[in-house]
Amino acid sequence: MPPLHRPGRPTGTGLHPLARAAAVLSAALALLSPLSAAGPASAASPVAPVADTVVRVNTQAALGRLSDVARGVNAAIWDSHMNDPEVATLMKAADVGAMRYPGGSYADIYHWETHTAPGGYVAPGTGFDAFMGTVRATGAQPILIANYGSGTPEEAAGWVRYANVTKDYDAKYWEIGNEIYGNGHYGSGWEHDEHEDKSPREYARQVRAYAAAMKAVDPTIKIGVVLTTPGHWPDGVVAEGDAGDWNHTVLSQVTDVIDFVSVHWYAGGSDTSAQDAMTRLTRLPGELREVRNQIDRYAGADSPRIGIALTEINTNTGGARLTARPNGLFAADAFMTALENGVFNVDWWNTHNGAGQITTVDGETDYGDMGMLSSGGCTGDVCEPAPNTPFHPYYGMKMTSELGTAGDTMVAAASSAQDLSAHAVHRRDGRLSVLLINKNPDAARTVDLEYAGFVPSAAAPEVSRYARGDSDITEVAAGETAASQVTVPPYAMLTVTLTPRPGTGPGASAAGIPGTPKAEAVTDTTARLSWDGAQGAARYLVQERDGAHTRLVGEATGTSVTLRNLPPGSTHTVNVLAADASGRLSAPSAPLTFTTGTPSDAACAVTYHRDTSWGNGFVATITVRNLSDTPITGWTVDWDWPTDRQSVSSGWNAAFHQTGRHVRVTAPDGAGPLAADGASTASFGFVGANDGPNPDPTAFRLNGSVCSTA
């Protein structure tokens with residue numbers, strides 16, 4: 001556990017109780033960052049207000065590094081303002097690194113060479129070269145969607161040739177179609193698809209053909225495949241004639257030819273108070289974790305090579321609060337939440353979109369427009385402001401650029417208040433930036449800031465604010481905010497940037513940053529991890545993260561370690577830090593998340609089979625065998641759901657009881673014994689509910705003993 005630093009307060013030993021209890025690790029803990037020598041405030045100092053929220057930031061728990069395409073926006077060929085000069089100016093000011101073209105579902109009717117979209121409207125001045133002019137003026141990269149619905153691999157290859165050979169645009173990212181799962185194969189259809197076979201199997205076959213043709217022209221491009229978002233329709237739905245749902249079918253056939261997957265996320269709901277959308281955002285980390293689990297399943301050791309792009313995101317709440325302040329708060333929170341959970345690119349829908357339902361939110365007109373910038377359109381006699389006037393979501397995205405840029409490291413931050421979100425980035429130059437988002441419309445939040453692995457200098461922090469009355473990101477005067485405590489106004493965002501005390505932090509260490517750990521071998525109770533060594537390293541520490549807390553779980557002088565005594569079916573996220581000869585720590589590696597398995601030689605075996613799913617519900621069957629040499633009478637089967645939003649609604653052939661995530665199933669009255677050596681089975685089923693992702697349980701116990709799983 002790294003030391004906890006509260007600036008301006010007595011620190012004592014500074015060690016968390018868990019660290020003091022781990023006496024056997026005292027030598028390793030001695031390597032952790034030095035504590036502040038700052039003492040209590042003088043008697044003449046003003047009394048600080050009592051905080052109602054605590055935010056803890058841990059710079060030794062890395063969540064990944066910001067990519068050069070982290071912040072992105074969508075651009076659509078029906079948008080006549082798409083290439084206005086003001087667009088590039090505004091997007092460059094917000095450090096936008098990616099622009100996606102030609103615009104959602106239009107991609108599957110768009111023919112790049114003729115700049116036509118049969119059945120749709122194409123605005124003047126929105127051709128590919130004009131778009132690339134805006135991209136280059138912004139300093140961004142394009143994300144291009146090859147036409148799957150009415151195109152061919154040859155047409156897509158021709159676009160690659162024109163973009164990267166003829167014009168030397170160096171367009172790296174290419175998706176194959178947009179939301180193709182919406183082609184009617186599952187009943188509901190909005191995506192144009194002229195293929196006679198609209199199954200995921202055919203899409204996967206075509207992806208291979210597209211990838212081969214496009215990479216034959218430029219082997220350096222990155223190919224993206226369309227997936228459904230776990231927990232969102234049609235996730236889990238298996239259509240007639242298919243062997244599996246969309247994601248499992250597609251991934252089982254394409255992981256060797258793709259470089260990233262593309263998913264979309266809209267909060268949904270219709271609550272104009274904004275709390276609904278921002279509450280739903282808490283589901284996103286679990287949904288993205290399930291996307292990575294699915295990639296892991298089919299790509300195996302090659303999984304880290306395949307990235308996740310969130311190429312469309314918005315609240316999508318029926319026309320309300322889309323341009324008003326709450327959606328600006330949502331935008332900042334959503335961008336950082338996605339990036340912290342394994343996504344390399346997030347693209348807002350849309351740059352301009354058009355006026356929709358007119359409402360009043362937080363005392364302002366909300367134009368029901370899903371764009372970041374005004375299109376100048378009208379609904380009835382209510383018109384938007386002049387074209388390219390930024391709406392609040394633009395400032396939400398722009399605020400994240402105050403937090404960090406490409407190459408900076410996102411680190412763990414946790415808030416004690418549900419209505420205040422916290423995100424943190426450790427800059428390459430050693431500074432630490434913390435973004436605080438107060439989602440309470442009525443009350444300010446006074447926040448105590450606590451740091452682990454970082455010691456602030458005595459210099460006043462730099463503070464950027466976006467609050468009621470601000471027309472842009474506003475710099476707060478020096479001296480108005482301290483490193484230890486800040487006040488965030490209602491419905492506002494603050495970014496606090498601190499400099500480290502000289503001689504502290506990774507910049508004071510002679511050790512470089514270790515490589516991202518890899519799981520070489522994982523059993524039910526052990527995990528062997530390895531990583532690329534760091535220059536100047538005398539030893540390495542492996543730390544496991546739980547929220548914004550970390551604890552030391554392994555130490556080595558070499559570049560591998562075996563973690564032991566891990567619970568079967570448990571998930572762990574670890575970072576590796578290097579210590580130089582003086583014990584000073586480097587910055588942490590990028591994180592690794594792994595899950596232990598179940599014993600192969602267990603005295604019981606369980607098969608969990610999801611029979612059918614429909615987005616927010618499913619039917620499953622569990623079969624249990626007793627592999628011991630003694631019959632079992634009166635059995636119980638226990639498991640824990642991986643998420644908080646999974647449950648058993650009703651069941652048969654057994655009695656079911658759920659408390660929190662834990663489920664216990666008891667043999668029905670009159671059930672016969674489970675015969676020894678697997679000679680008989682017990683089978684039961686249930687109807688389940690899920691609000692969000694629906695990953696399978698990782699471990700089952702028969703009468704308390706962990707079973708092997710199939």
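Start by selecting Arg528, which is partly exposed at 36% relative accessibility in this predicted model. Now add Glu520: the side chains of Glu520 and Arg528 meet in a salt bridge, 3.0 Å from N to O. Glu520 is partly exposed too, with a relative accessible area of 49%.

While you are here, show the backbone as a cartoon. Strand S23 covers residues 518–522 and strand S24 covers residues 527–530; the two run antiparallel and are joined by four bridges. Follow the chain from S23 to S24 and you pass through a hairpin of four residues. Next, pick Ala519 and look across to S24, where Leu529 stands opposite.

Ready for another charged pair? Select Lys398 and Asp472, whose side chains form a salt bridge at 3.1 Å, N to O. Lys398 sits in helix H11 (residues 392–403), while Asp472 is in the loop between strand S19 (462–466) and strand S20 (474–476), so this contact ties together parts that are 74 residues apart in sequence. Is Lys398 buried or exposed? Lys398 counts as buried, at 13% relative accessibility, whereas Asp472, at 28%, counts as partly exposed.

Move on to Arg431 and Asp429, another salt bridge, with 2.9 Å from N to O. Colour the two by accessibility: Arg431 is partly exposed at 22%, and Asp429 is exposed, with a relative accessible area of 52%.

To finish, zoom out. How many salt bridges does the model hold? The count comes to 29, and you have now visited several of them, including Lys398 with Asp472 and Glu520 with Arg528.

Technical notes: Residues are numbered from 1 along each chain as its sequence is written. This is a predicted model: local features need pLDDT of at least 70, side-chain atom pairs count only at pLDDT 80 or more; totals for chains, interfaces and linings use all residues. Side-chain values use heavy atoms; hydrogens and water are left out. Two strands pair if DSSP finds at least two bridges between them. A salt bridge is a side-chain nitrogen of Lys or Arg within 4 Å of a carboxyl oxygen of Asp or Glu. Buried means under 20% relative accessible area, exposed over 50%, partly exposed in between (1.4 Å probe, protein chains only).
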